[in-house]
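Colleague: Please put the model up, and then take my questions on it one at a time.

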Amino acid sequence: DPERLRFMTANRSFIKMLGYSAKELQTLSVKDIHPPEQLPPLVERYHVAATGSTVRAEAVPVIRKDSTTFLADMVLSTVILDNRPYLLGVFRDMTEQLTVETERLRLFTAVEQATEFIAILGADGSFQYINPAGQHMFGYTMEEVYGKNAFATDKGIYDPAFYRAIWDDLRSGKAWSGRLTYQSKDGTIREIEQNISPVKDRNGSIICFLSIGRDITNEVRLEQALRHAQKMEAIGTLSSGIAHDFNNILSVITGYAQ
C-alpha cells in the first residue's frame, strides 16, 4: 500500500526470507522490517517509488521475525492493479554474496600487503598477477611481466633443461619447492626460496599455478660469511696446532744444538 506502506501480499520466497506467515506479513508495514535508524532515507525511497519512479537500493538492512538482520538489494516500482497504484518491491538476499565478497577482499588485501613474493601463473606458465612485494623484489611492474612465460625469462643463470624439468613436474600436477637464483631488472642477484603449486578445479584440471617466494639473499650472504669464518677458524686452529708441534721439535733441536 503506497499510502500506509503496509504489505498487501508477497510471494513464498519473501515470506521465507523474513520468517513470517502470509497473514502475519499483512499486519506489518515497511517500518517493521527495517532498523529505526535506517527508516528516514528508506521511507523516502518508498515514497519516491510511489510517484512512478523506479528506485534501486543496495545492501539494505532487513529485519527478520527472529530479530536477525540481513542485507538485501531492493528494487521498488509502481504497478497498477484494478485501477489502483501499488508498490512492487523486489528483494534479493545478498548476505552470502556479500560474505564471499568480504572474504575475497580480505584475501586480496592480505596478498597485496604480504612481504613474500606471490604470483599467479596461467595454465601455460604466463604471469597473470604479481603482488607489490614481487614487483619491488624484481624491479618489474605488473604491466612489464603480464603475459610473459615465467619459465622463459631466465637470463642464463640455469641451464634451460633445469626449467623444463620444473615445468614438466608442475604440468603433471606436482608441486615444486626449492631455492632459485634470479637476476632483478637492475642486475641485482637475488636468492629466492620458492614454492610453486598447481591450482585445480573441481574436475582436477589445472587452471593456474600459485608461486610464493621469500627473498633469502641476506640469509645466504650471512651463511656464506659464517662458513668463511668457520673455515678461517679451522685454518687458525690447524696452524696453531702445527706451530705448537713444530715449536716442540725446535726446542729439542735447539737443546741439542746448544
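The questions below go through helices, charged side chains and backbone angles.

Modeller: This is a predicted model, in which local features need pLDDT of at least 70 and side-chain atom pairs count only at pLDDT 80 or more, while totals for chains, interfaces and linings use all residues. Residues are numbered from 1 along each chain as its sequence is written, and side-chain values use heavy atoms, with hydrogens and water left out.

Colleague: Which strands are included in what covers the buried residues of H3?

Modeller: Helices (H or I, at least four residues) and strands (E, at least two) are DSSP runs, numbered from the N terminus. Buried means under 20% relative accessible area, exposed over 50%, and partly exposed in between, with a 1.4 Å probe and protein chains only. The buried residues of H3 are Leu 39, Leu 42, Val 43, Tyr 46 and Ala 49; seen down the axis they fall within an arc of 115° (taken from the directions from the helix axis to the C-beta atoms), so they line one face of the helix. Their cover, counted by contact (heavy atoms within 4.5 Å), includes strands S1 (55–63), S2 (69–81) and S3 (84–93).

Colleague: How far does H7 reach from its first C-alpha to its last?

Modeller: H7 covers residues 160–171, which is twelve residues. The expected span, 1.5 Å times one less than the number of residues, is 16 Å for H7. The model comes close to that, with a reach of 17 Å.

Colleague: Which strands are included in the cover of the buried residues of H7?

Modeller: Tyr 163, Ile 166, Trp 167 and Leu 170 are the buried residues in H7. They cover an arc of only 95° around the axis, which puts them on the same side of H7. What covers them includes S6 (176–183), S7 and S8 (206–215).

Colleague: Which residue of H7 forms a salt bridge with Asp 168?

Modeller: A salt bridge is a side-chain nitrogen of Lys or Arg within 4 Å of a carboxyl oxygen of Asp or Glu. An α-helix has 3.6 residues a turn, so residues three or four places apart point the same way. Asp 168, partly exposed at 41% relative accessibility, has its partner three residues apart in H7, about one turn of the helix. With the closest N and O atoms 3.0 Å apart, that partner is Arg 171.

Colleague: How many residues apart in sequence are the parts tied together by Asp 93 and Arg 64?

Modeller: The closest N and O atoms of this salt bridge are 4.0 Å apart. Asp 93 lies in strand S3 and Arg 64 in the loop between S1 and S2, so the pair ties together parts that are 29 residues apart in sequence.

Colleague: Which residues are linked with Asp 1 in a network of salt bridges?

Modeller: Asp 1 counts as buried at 10% relative accessibility. Arg 4, which counts as exposed at 54%, meets Asp 1 in a salt bridge of 3.4 Å, N to O. The network links Asp 1 with Arg 4 and Arg 84.

Colleague: What is the nearest side chain of opposite charge to Glu 191, and how far away is it?

Modeller: Lys and Arg count as positive and Asp and Glu as negative; His and the chain ends are not counted. Glu 191 lies in strand S7 (residues 189–200) and is buried without a salt bridge. Its side chain does join that of Thr 181 in a polar contact of 3.0 Å (N or O atoms within 3.5 Å; within protein, one must be able to donate a hydrogen and the other to accept it, and residues adjacent in sequence count only if both atoms are side-chain atoms). The nearest side chain of opposite charge is Arg 179, at 5.1 Å.

Colleague: How far apart in space are Tyr 158 and Tyr 182?

Modeller: Tyr 158 sits in the loop between H6 (142–145) and H7. Leaving aside neighbours within four places in sequence, its contacts are Tyr 163, Arg 179, Leu 180 and Thr 181. Tyr 182 is 24 residues from Tyr 158 in sequence, and the C-alpha to C-alpha distance is 9.5 Å.

Colleague: Where is Asp 82 found, and what is its phi?

Modeller: Most residues other than glycine have a negative phi, and most peptide bonds are trans. Asp 82 is exposed, with a relative accessible area of 78%. It is found in the loop between S2 and S3, and its phi is positive, near 55°.
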